[in-house]
Amino acid sequence: MNNMLEKIENQFEMFQILNEEGKVINEDAMPDLSDDDLKELMTRMVYTRILDQRSIALNRQGRLGFYAPTAGQEASMLGSHYAMEKEDFLLPAYRDIPQLIWHGLPLYQAFLFSRGHFHGNQMPEGVNALSPQIIIGAQITQAAGVALGLKRRGEKAVAFTYTGDGGSSQGDFYEGINFAGAYQAPAIFVVQNNQYAISVPVEKQTAARTIAQKAVAAGIPGVQVDGMDVLAVYKVTKDARERAVNGEGPTLIETITFRYGPHTMAGDDPTRYRTKDTENEWERKDPLVRFRKYLESKGLWSEEEENKVIEKAKEDVKAAIKKADETPKQKVTDLISIMYEELPSNLEEQMEEYKVKESK
Ligand SMILES: Cc1ncc(C[n+]2csc(CCOP(=O)(O)OP(=O)(O)O)c2C)c(N)n1
């Protein structure tokens, strides 16, 4: 029996294309990306690193509300998202704001989401996404349902969802991947294993050596990938999407990554549960450093280009926060009216009450 488990677990080796020095170690697996694609991936990662820094600063100034830092996870988030098409449906968790933005949510709306303003949850026409899920694991079952819907409608599109290592301990996770497997629904489940669920290390979440191997019980393919290697993440996700649109069912992807910052800006102190050595070890794997080295070796990236992206990100943040500030404050009557098509009678009374209050 032990031997059987070992045999299974040994099949989930971490897939990598670029090593920590930015050298290609898996030439055969290189994805088919143009030079412009490669530069776009770097642009998105640099932009997102700056967006994270600015969001943290804005949060500290009291200008943003809920915020979950993203630095360290750029390759995992954006490499996987780059495999998505516009028609695909995104079901993100609270940390996955970068994918939402690159999928089409305007930045000022992401800031409004952070402030708890309902407009942050209103996806513009044509942006196929749900708002970020706060309930751990809930998006997994929802993604299975969305994927089945896409299949039933005969659409050539895929449901992408993201959760953390902690999310993979939830009942919803097993239900979702099992359901998607049973119906061969076009879903991609990305588990971003950033090593901790707030302060609980992944070893305490599960006895499984990998999260990818959990796919076996659902009868679906599972793959573990270096989440600090944007090319590797893109490649496995692109392959998974291809299978999904060809009617070959769902895939579970575990990205091995790390969040440099605290869990959220609401008072988490990572020094209480991880050492400086661990942090340094992960910073040596940094996805931007690695990919920058690779691009520079191909003559595709320079300090000048990077500075342009940094300036653009800063300008965009400034404009977006201004627009968020200018958005009318939400009213109680807004909340009531957007929640129901037909108001229940008890809310009709409250609606009238608040209309009066708000008119003063
Ligand atoms: C159902 C549920 N239980 C508990 C929480 C509180 N909670 C918020 S974040 C979190 C940890 C999640 O960790 P993980 O899934 O690894 O994602 P990460 O934050 O690391 O991206 C918990 C337990 C919640 N939001 N929902």
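Is the crossing of α3 and α10 left-handed or right-handed? It's right-handed, and the legends below start with that pair. Keep in mind that this is a predicted model.

**View 1. Helices α3 and α10 pack against each other.** Here we look at α3, residues 74-81, and α10, residues 230-245. Two packed helices are described by the angle between their axes and the distance between the axes. For α3 and α10, the angle is about 40° and the axes lie 8 Å apart.

**View 2. The residues where α3 meets α10.** From α3 come A75, S76, L78, G79 and S80, and they meet V230, V233, Y234 and T237 of α10. Sorted by class, this contact has 5 nonpolar and 4 polar residues, with no charged ones.

**View 3. Around the ligand.** Zoom in on the ligand and you'll find 14 residues surrounding it. The closest are I136, G164, G166, G167 and A197. Two strands, β2 (159-164) and β4 (196-197), each supply at least two residues of this shell. As for the mix, the shell divides into 6 nonpolar, 6 polar and 2 charged residues.

**View 4. Stepping back to the protein around these close-ups.** Its secondary structure comes to 15 helices and 7 strands. The radius of gyration is 21 Å, close to the 21 Å that the globule rule gives for 360 residues, so the protein is as compact as a globular protein of that length. Along the principal axes, the C-alpha atoms fill a box of roughly 70 × 50 × 45 Å. Buried residues account for 42% of the 360. Of the contacts between residues at least 6 apart in sequence, 76% link residues at least 24 apart.

Definitions and conventions. Residues numbered from 1 in each chain as written. Predicted model: local features only at pLDDT ≥ 70, side-chain atom pairs only at ≥ 80, totals over all residues. Near = placed C-beta within 6 Å. Helix = DSSP H or I, 4+ residues; strand = E, 2+ residues; numbered from the N terminus. Nonpolar A, V, L, I, M, F, W, Y, C, P; charged D, E, K, R; others polar. Axes fitted to C-alpha atoms, helices over the stretch in contact; angles between N-to-C directions. Left-handed = near helix turned anticlockwise from the far one by under 90°. Contact = placed C-beta atoms within 7 Å. Rg over C-alpha atoms; globule rule 2.2 N^0.38 Å. Buried ≥ 20, exposed ≤ 12 C-beta atoms within 10 Å, placed from the backbone.
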